[in-house]
Amino acid sequence: MVSKKTPSRFQPGTRSYTMSRIRGTETSIERQVRSYLFSRGLRFRKNDKRYPGHPDVVLPKWRAMVFVNGCFWHMHQGCAKFSLPKSNVEYWTTKLTRNRLRDQEQGEKLKAMGWRVFTVWECQLDTRHAEETLKKLYEAITADGRPNEGVKDEQIERQRTRG
């Protein structure tokens with residue numbers, strides 16, 4: 001039986017280079033979300049390493065955190081942008097499942113710390129859905145209309161260490 005190997009979309013040696021260019025921060029979808037929130041008057045910190053999962057956007061005034069997830073890397077189920085690679089299936093299944101479980105655990109930890117956690121998916125930021133998605137995100141963050149005006153970062157940090 002002759003093995004049929006599917007041709008690669010990449011020339012030999014370019015896959016490694018291409019994969020090395022993928023970044024975990026400052027992605028175009030993160031910048032899109034931050035730009036929208038900033039234009040609506042929200043001020044935030046980005047990729048704050050003090051919190052589980054290093055949220056992409058931290059809004060202490062609103063006790064809210066936003067994760068902007070790529071559909072492939074975070075295994076967005078039911079999304080057209082997510083499909084398991086056909087080669088090295090065991091490796092990718094393990095890696096992506098681990099990413100997804102870690103995301104869930106970190107979200108639970110943040111909620112236990114009193115934060116509201118929002119996730120925006122890459123597919124929700126395509127040209128057809130971006131405006132609606134970002135508007136809903138803004139409304140969800142500011143829903144109660146009462147920011148935590150008096151809470152400073154040091155107070156948040158102390159609350160976290162006590163609890």
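In the predicted model, Cys-79 has a relative accessibility of 10% and is therefore classed as buried. Cys-71 is likewise buried, its relative accessible area being 0%. The two residues are each other's closest cysteine by sulfur position: from the sulfur of Cys-71, the closest cysteine sulfur is that of Cys-79, at 3.5 Å, and from the sulfur of Cys-79, the closest is that of Cys-71, at 3.5 Å. A disulfide requires the two sulfur atoms to lie within 2.5 Å, so the separation of 3.5 Å between Cys-71 and Cys-79 is too far for a bond. The structure accordingly contains zero disulfides.

The strands considered here form an open sheet of four members, arranged in the order β1-β2-β3-β4 with mixed pairing. The edges of this sheet are occupied by β1 (45-46) and β4 (116-121); each has a single partner strand, and one side of each is therefore left without a neighbour in the sheet. The pairing of β4 is with β3 (residues 64-69), in the parallel sense and over six bridges. Within this pairing, Asn-69 is positioned opposite Trp-121 of β4.

Helix α4, spanning residues 130-141, lies across three strands of the sheet, namely β2 (57-59), β3 and β4. Relative to β4, helix α4 runs at about 180°. Strand β4 thus combines an edge position in the sheet with parallel pairing to β3 and a place among the strands crossed by α4.

Note on methods
Residues are numbered from 1 along each chain as its sequence is written. This is a predicted model: local features need pLDDT of at least 70, side-chain atom pairs count only at pLDDT 80 or more; totals for chains, interfaces and linings use all residues. Side-chain values use heavy atoms; hydrogens and water are left out. Two strands pair if DSSP finds at least two bridges between them. Helices (H or I, at least four residues) and strands (E, at least two) are DSSP runs, numbered from the N terminus. Contact means heavy atoms within 4.5 Å. Axes are lines fitted to C-alpha atoms, for helices over the stretch in contact, and angles run from 0 to 180 degrees between N-to-C directions. Buried means under 20% relative accessible area, exposed over 50%, partly exposed in between (1.4 Å probe, protein chains only).
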